[in-house]
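Open the model in a viewer and keep the selection panel at hand. The stops below say what to select next and what is there.

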Amino acid sequence: MIYLQQLSNPITSYPITAVIDTALCVGAGGSSGSLADKPIVRNSERNLLIPASQLKGRLRHECEKIARGLRWAVCASPNPQTMCPQRAGLTGNFQRTEYQVSGYERQYHCLICQIFGNPVLSSRVIFDDLICTEDPDNLPEVLRPGVTINRCRHTAEEQKLYFLETSPANAQLKFTGHIHLFGTPVYAGALILAGLRHIHALGGSKSAGLGWLHWEFPNLPLEQAAWDFLEKGGVQ
């Protein structure tokens, strides 16, 4: 049996909460038991949730944009061929001492891969699914109609009416979980918090006003060394 407390790199967990300001639409492909064409995703106990994979992928994308803005060379996810250490067709200064990782000699991994991982380097941050704290029996089924738009004619398609299942609107539902860090570099907390501040909506139909939220941020470690490190992006 594996005990997390006995691992060489101890795991530190931080609670995180997303508060939905409008209505959430995170579709569950292939789900049944609802009149909706796109039911909302739930766990085995029927609680609404935001999948950890969606949060991690969106957060990685935002962290990549921030790192590039600080003039750090960053690989192109999610295509494995354009991610570290292969980086097929990419240019930029990846041959930096900051990109060297212990145990991976003759390889260079950008700042983002050192946090979120790549096909060679395992992720150093793990996310829980964010679970709605409200009792599912208190949440009625909400169906929102929609219609497919023909992008060429800019008109509604005939016989293309569909229904989305969403959470109740303006209910300020809280979705809670944890972020687990182990062996992360010193700048990880600062970059993750900055990335979270760039995420204002999750799920589908964001342009229609669904999924807008605000965060109760985790108390991640923020040290002056993190800011001193990140500002070196343009130094060659």
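**Stop 1: Val147**

Begin with Val147, which is partly exposed, having a relative accessible area of 34%. That value falls between the limits of 20% for buried and 50% for exposed, so Val147 belongs to neither class. The model is a predicted one. Val147 is part of strand 5, residues 142-150. Select its contacts next: beyond the neighbours within four places in sequence, Val147 touches Ala156, Glu157, Lys160, Leu161 and Tyr162. For a sense of scale, draw a line from the C-alpha of Val147 to that of Ala67; the two are 39 Å apart in space and 80 residues apart in sequence.

**Stop 2: the whole chain**

Zoom out and colour by secondary structure. The protein chain has 4 helices and 8 strands. Read from the N terminus, their order is β-β-α-α-β-β-β-β-β-α-β-α. Along the principal axes, the C-alpha atoms fill a box of roughly 55 × 50 × 35 Å. The chain has 236 residues, and 43% of them count as buried. Of the contacts between residues at least 6 apart in sequence, 68% join residues at least 24 apart.

**Stop 3: helix 1 and helix 3**

Select helix 1 (52-69) and helix 3 (residues 188-196). Two packed helices are described by the angle between their axes and the distance between the axes. Here the angle is about 105° and the axes are 8 Å apart. Angles of 65 to 115 degrees count as roughly perpendicular, and helix 1 and helix 3 are therefore roughly perpendicular to each other.

Show side chains at the interface. Helix 1 contributes Leu55, Leu59, Glu62, Cys63 and Ile66; helix 3 meets them with Leu191, Ile192, Ala194, Gly195 and Leu196.

Now keep helix 3 alone and colour by accessibility. Which residues of helix 3 are buried? They are Ala188, Gly189, Ala190, Leu191, Ile192, Leu193, Gly195 and Leu196. Because 8 of the 9 residues of helix 3 are buried, this helix is largely enclosed by the rest of the structure.

**Stop 4: aromatic rings**

Select the aromatic side chains. The structure holds 4 aromatic pairs. Go to Trp72 and Phe229: their ring centres are 5.2 Å apart and their planes are at 15°, so this pair is stacked. Trp72 sits in the loop between helix 1 and helix 2, and Phe229 in helix 4 (residues 224-230), so the pair ties together parts that are 157 residues apart in sequence. Trp72 and Phe229 are both buried.

Move to Phe94 and Tyr99. This aromatic pair is tilted, with 6.0 Å from centre to centre and 50° between the planes. Phe94 has a relative accessible area of 4% and is buried; Tyr99 is buried as well, at 0%. Show the wider group: ring pairs link Trp72, Phe94, Tyr99, Tyr187 and Phe229 into a cluster.

One ring also faces a charge. Select Arg197 and Phe217: the charged end of Arg197 sits over the ring of Phe217, 4.4 Å from the ring centre.

**Stop 5: Ser123**

Go to the loop between helix 2 (111-116) and strand 3 (125-127), where Ser123 is found. Is Ser123 buried or exposed? Its relative accessible area is 17%, and the limit for buried is under 20%, so Ser123 counts as buried.

Display distances from its side chain. The side chain of Ser123 reaches the backbone oxygen of Val125 at 2.7 Å, and a polar atom of this side chain lies 3.5 Å from the backbone oxygen of Phe116. Leaving aside neighbours within four places in sequence, the residues in contact with Ser123 are Lys56, Ile115, Phe116, Gly117 and Phe182.

**Stop 6: Ser167**

Finish in the loop between strand 6 (155-166) and strand 7 (174-181), which holds Ser167. Ser167 counts as buried, at 1% relative accessibility. Which backbone atom does its side chain reach? The side chain of Ser167 reaches the backbone nitrogen of Leu24 at 2.8 Å. Outside the neighbours within four places in sequence, Ser167 is in contact with Ala23, Leu24, Ile40, Leu48, Val142 and Leu173. As a last distance, take the C-alpha atoms of Ser167 and Arg60, which are 26 Å apart in space, with their positions 107 residues apart in sequence given as the separation.

Definitions and conventions: Residues numbered from 1 in each chain as written. Predicted model: local features only at pLDDT ≥ 70, side-chain atom pairs only at ≥ 80, totals over all residues. Heavy atoms only, no water. Helix = DSSP H or I, 4+ residues; strand = E, 2+ residues; numbered from the N terminus. Buried < 20%, exposed > 50% of the residue type's maximum accessible area, 1.4 Å probe, protein only. Polar contact = N/O pair within 3.5 Å; in protein donor to acceptor, adjacent residues only side chain to side chain. Contact = heavy atoms within 4.5 Å. Phe/Tyr/Trp six-rings, centres within 6.5 Å; stacked < 30°, edge-to-face > 60°. Lys NZ or Arg CZ within 6 Å of the ring centre and 35° of its normal. Axes fitted to C-alpha atoms, helices over the stretch in contact; angles between N-to-C directions. Parallel < 35°, antiparallel > 145°, perpendicular 65-115°, else oblique.
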